[in-house]
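User: Hi! I'd like to understand the reasoning behind the labels used for this protein. Could you walk me through it?

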Amino acid sequence: IVWCAAAGYMIHRHCSRVPSCGNKKKSVAFVLVLCLDAAAIFYYGFVAEPITTVAHVLAIVMGTGLSWLLGSSSSSSDEESLLLGPSPSEEESSSDQEKSQ
């Protein structure tokens, strides 16, 4: 359940940054994590009670909603940078600073 909530959070954060997505390694890792999460949901969907699958899907929705609420109250935060790395605009500004030094 916790992994699904974290995946929902990451889905919203990643999708809100897609137009300026620049780091291919992070995108590949993101897709890999989502595939593993989906595989776990399908596994539990077959071996556990149906309520387990419902709980996993609702956890994804909850994580997405939480991300939306936190994103609407503030811009890029330290926690977001830890999960997804710096935003492309932050990467550009840091590379510009390195070039000037």
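**Reasons behind the labels**

User: Let's begin with an aromatic residue. Why is Tyr44 called partly exposed?

Analyst: Happy to help, and please keep in mind that this is a predicted model. Tyr44 has a relative accessible area of 37%. Buried needs a value under 20% and exposed a value over 50%, so Tyr44 falls in between and counts as partly exposed.

User: What about Tyr43: what makes Tyr43 partly exposed?

Analyst: The reasoning is similar. Tyr43 has 48% relative accessibility. The label exposed requires over 50%, so Tyr43 stays partly exposed.

User: How many aromatic pairs does a search of the whole structure find?

Analyst: The search finds one aromatic pair. The pair is Tyr43 and Tyr44, whose ring centres are 5.2 Å apart. Ring centres must lie within 6.5 Å to pair, so these two qualify.

User: And why is the pair of Tyr43 and Tyr44 called edge-to-face?

Analyst: The ring planes of Tyr43 and Tyr44 stand at 70°. Planes over 60 degrees apart count as edge-to-face, and therefore the pair gets that name.

User: On to the helices. What makes the length of helix H1 agree with expectation?

Analyst: H1 covers residues 2–15, which is 14 residues. At 1.5 Å a residue it should span 20 Å, and its end C-alpha atoms are 20 Å apart, so the two agree. Helix H2 can be checked too: its 24 residues reach 35 Å from first C-alpha to last, close to the 34 Å expected. In total the protein has five helices and zero strands, giving the pattern α-α-α-α-α along the sequence.

User: Why is Cys4 called buried, while Cys35 is called partly exposed?

Analyst: Cys4 has a relative accessible area of 1%, under the 20% limit, so Cys4 is buried. Cys35 comes to 48%, which lies between 20% and 50%, so Cys35 is partly exposed. Cys4 belongs to the buried residues of H1, which also include Tyr9 and Arg13. As for disulfides, the count comes to zero.

User: How do you know that Ile41 is buried?

Analyst: Ile41 has a relative accessible area of 14%. That is under 20%, so Ile41 is buried. Ile41 is found in helix H2, residues 24–47, where Ser27, Phe30 and Asp37 are buried as well. Beyond its neighbours within four places in sequence, Ile41 is in contact with Cys4, Thr53, His56 and Ile60.

User: In helix H3, what makes Ser67 buried and Thr64 partly exposed?

Analyst: Ser67 sits in H3, residues 50–73, and has a relative accessible area of 0%. Since that is under 20%, Ser67 is buried. Thr64 lies in H3 too, but at 26% relative accessibility it is above the buried limit and not over 50%, so it counts as partly exposed.

User: Which residues do Ser67 and Thr64 touch?

Analyst: Leaving out residues up to four places away in sequence, Ser67 touches Tyr9, His12 and Arg13. With the same exclusion, Thr64 touches Gly8, Tyr9 and His12. Thr64 and Ala6 are 58 residues apart in sequence, with their C-alpha atoms 8.5 Å apart in space. Over the protein, residues 24 or more positions apart account for 73% of the contacts with a separation of 6 or more.

Conventions: Residues are numbered from 1 along each chain as its sequence is written. This is a predicted model: local features need pLDDT of at least 70, side-chain atom pairs count only at pLDDT 80 or more; totals for chains, interfaces and linings use all residues. Side-chain values use heavy atoms; hydrogens and water are left out. Helices (H or I, at least four residues) and strands (E, at least two) are DSSP runs, numbered from the N terminus. Buried means under 20% relative accessible area, exposed over 50%, partly exposed in between (1.4 Å probe, protein chains only). Contact means heavy atoms within 4.5 Å. The expected span of a helix is 1.5 Å times one less than its number of residues. A disulfide is a pair of cysteine sulfur atoms within 2.5 Å. Rings of Phe, Tyr and Trp (its six-membered ring) pair if their centres lie within 6.5 Å; planes under 30 degrees apart count as stacked, over 60 as edge-to-face and the rest as tilted.
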